[in-house]
Amino acid sequence: VSQQLKEEIRRGFAGLEDPLAGLLAMLENSSDWKGKGHSLGYYITTELQLWIKEHPAVPQSGIQLKKLQARVLRILSQCPANLLDPLISIYQLHTADRNYLLEHVSHLYLKGDYKEAAMLSIKLQLQPDQDVEKMCIPLLLQDKANVVEDYVGEYPELQSKLLQILDSWCEPGVSIRDVTRPYQGLSRYKPEKFNHRTLSKLVFRLLDRFQVDPALCPNVINQRHLRTLNYLFYKRFVEKTMTEENWADHVQSTVGESRCLQGHLVQLLLRHCDGRAAARWARHWGLPTDMLPPGLAEELPEPHTHERVEEATKSDNYEDSKKKDYYQLPIPRENIHFLQTWEETLRCWEKVLQPGQVVGVDMEWKPSFGMVGKPRVALLQMAVKDEVFLLDLPRLLEQAEVEEEKEKLPRFIQMLYSDAAITKLGYGMSGDLSSLAVTCSALKDTEKQLHGVVDLLTVDKQVDGLSPEHSHKERGVRQQEKGLSLLVQHVLGKPLDKTEQLSNWEKRPLREEQILYAASDAYCLLEIYERLCKDPERFGLSSDLMESLVGKRSIKSRAKKQLNKQEALSPSGQQCQGSQVETPAPVSPKEFSVVCDNMLQGLGRYLRCLGVDVRMLDNEDDHRKAAEIARQEGRVILTSGLPYQTLQSQVGEGRCFSVNCSEKAKEQALQVLKHFNVQVSLTDIFSRCQ
């Protein structure tokens, strides 16, 4: 609002005998303020609010104020939300007679203005004197659950009462139609939005938001467990993507001592297994014999030895088929380290926290199957070239607490994520980091301090042919690949074996299959990154992988960060470490020495023809070798795409240049010569050729 308008408004107030009555007269006789956004009425009202603070003698009291309060209440039911607080403040509605306010809200409710009645109740803090069920049911039927959440937001007793009401509607045998029958004539009623499934979701959201004990809602929790059981049987017997051990473990923890769930489990066993197998599992889980059909409990004794041998043989055959069909770790088993003590982790940090290091990072947690609360990380995996470190996070945090050194582990994790000289690879990093923050509160701001991260999830939409249908046709199997497994299949040739994905990652000791799965999930990120860097065009990615992968972060906070101050665009439009405002002094090709990364041999040969001192990496060389050569021999690194991010932090300012891979060798050479002001004469051409 212009200063001139503000001054005009204030002069108007000063000229009124009763500014409060004047504002009401204006609002009552104008429709301008009823629209959305900041109307003229809104600006006048908020200016009056400020003006009153500067003129304490203005506010009314006694009978005159009560009359104004009665008038403003009529306006409040029609005004936009942004006017509620200023008007309540100006007319001191918190001091009004509470019964009078409740009566007014009740009048709105009876007119069918349920949302307006609830909003006014929230602003005037009337909820403790109202019937929570009566106020909230119409709002839920109108699909206004967000208003309901705000209505009970500050009152734990009302939260518990509402949750118990909602849970009672989920009791077996209760019909939602019976609950909603008294509200059939409700305006804007959306019956399709009000059913057991949506109620269950709402209850879980409220339990999570208000941190209420789930035991308060036994019916909803029981329904969720029933759905979990159905899902587990589907994964095991229909999809066949869950190992028997994982399945049995989750079934047992889901069912517990609940007779209702035990009965449902028996029915599922009889539906998916033959009688003997059903009886064997019933005995394995210790189900009450009175729950089994007559005669079934005695059908099978303990599993016979030959059955165990048969199962072991099946298991061996399964392992052989896995090697043929799925991605295999290219490193020996002894290079996977399971770390449970601080002393053991020191070797990990020594390896990982090296400038120029590339680290694949992944995390695992116990599946929650939709229960309350966010998952807590049970295993943190870090992969570097030829090695994987598996950090037992719960054990390490527990140990740190006992030794009263809680900040040690979080400090190292923060150092890793905030160091721009270390490239961190992940897949869906935002989800991992939010779980990490739940696990350790000291890490809650890690996502805001990220540097040098590459989220390979962004590749999914960029790699040519990367779709579940593509995977389905290629493999000729029923189960389609998705997510990281699909990316691994497309880039490395075989998908990940995800049978351990839904393991209980909190259970110790971890099984060998879990250890190999966890290590593979982190290590495959290194191999994908390396393959994409070497041949981006093969996968339909632009040559400038820096733009393709790093420029399109899935982590929102990264998009807001400014470019590192040490990076600037060179005249050719390519990145070079160090801001060079002035053109460097001219230099001859004989005095200019470079090392070309292994994707730029064409550029290297062209520069050599012009007399430049060139060394080139072989195809099998690691990108980091370029930094070693550059430091030892004083050369400038010529690279492209993602390796630039790793290499530029390892050499002096202005000693690393990112070339545009989409250009031909001649154009690339011209860019390099122009940027470094290399002056080529006729005598330089072919001067290095034999």
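**Notebook: a cavity, two cores and three helices**

I began with the largest cavity, whose lining consists of W342, L396, Q399, A400, E403, K408 and L409. By a cavity I mean a set of points on a 1 Å grid over the protein atoms alone where a 1.4 Å probe fits but cannot get out, and a lining residue has an atom within 4 Å of such a point. A reminder to myself: this is a predicted model, so local features need pLDDT of at least 70 and side-chain atom pairs count only at pLDDT 80 or more, while totals for chains, interfaces and linings use all residues. Numbering runs from 1 along each chain as its sequence is written, and side-chain values use heavy atoms, with hydrogens and water left out.

**The cavity, continued**

I looked up its volume next: the largest cavity holds about 60 Å³ of space, and the structure has one cavity of 30 Å³ or more. Volume here is the space filled by probe spheres set on the grid points, which are joined across faces, edges and corners.

Which helix gives the most to the lining? Helix 19 does, with three residues. Helix 19 (393–402) and helix 20 (408–418) each supply at least two lining residues. I take helices as DSSP runs of H or I, at least four residues long, and strands as E runs of at least two, numbered from the N terminus. By class, I noted four nonpolar, one polar and two charged residues in the lining. Ala, Val, Leu, Ile, Met, Phe, Trp, Tyr, Cys and Pro count as nonpolar, Asp, Glu, Lys and Arg as charged, and the others, Gly among them, as polar.

**The whole chain**

I found 30 helices and 12 strands in the protein chain. Of its 690 residues, 49% count as buried, where buried means under 20% relative accessible area, exposed over 50% and partly exposed in between (1.4 Å probe, protein chains only). Among contacts (heavy atoms within 4.5 Å) between residues at least 6 apart in sequence, 68% join residues at least 24 apart.

**The cores**

A nonpolar core is a set of buried Ala, Val, Leu, Ile, Met, Phe, Trp, Tyr and Cys residues joined through side-chain atoms within 4.5 Å. The largest one has 74 residues, and L76, L87, Y91, L166 and W169 have the most contacts inside it. Apart from that core lies another, of 39 residues, including L329 and I515. I followed L76 further: beyond four places in sequence, L76 touches L84, L87, I88, L93 and L120.

**N246 and helix 16**

N246 sits in helix 14 (residues 244–255). Is N246 buried or exposed? It counts as buried because its relative accessibility is 3%. Its side chain makes a polar contact of 3.1 Å with that of T243; such a contact is a pair of N or O atoms within 3.5 Å, one able to donate a hydrogen and the other to accept it, and residues adjacent in sequence count only if both atoms are side-chain atoms. Farther along the sequence, N246 is in contact with T499, E500, S503, N504 and R511, its neighbours within four places left aside.

Helix 14 turned up again with helix 16 (residues 275–284), whose buried residues are A277, A278, A279, W281 and A282. Their cover includes helix 14 and helix 15 (259–272). At the start of helix 16, a side-chain oxygen of D274 comes within 3.1 Å of the backbone nitrogen of R276.

Methods
1 Å grid on protein atoms, 1.4 Å probe; cavity = no way out; pocket = protein on both sides within 12 Å on 5 of 7 lines; lining within 4 Å.
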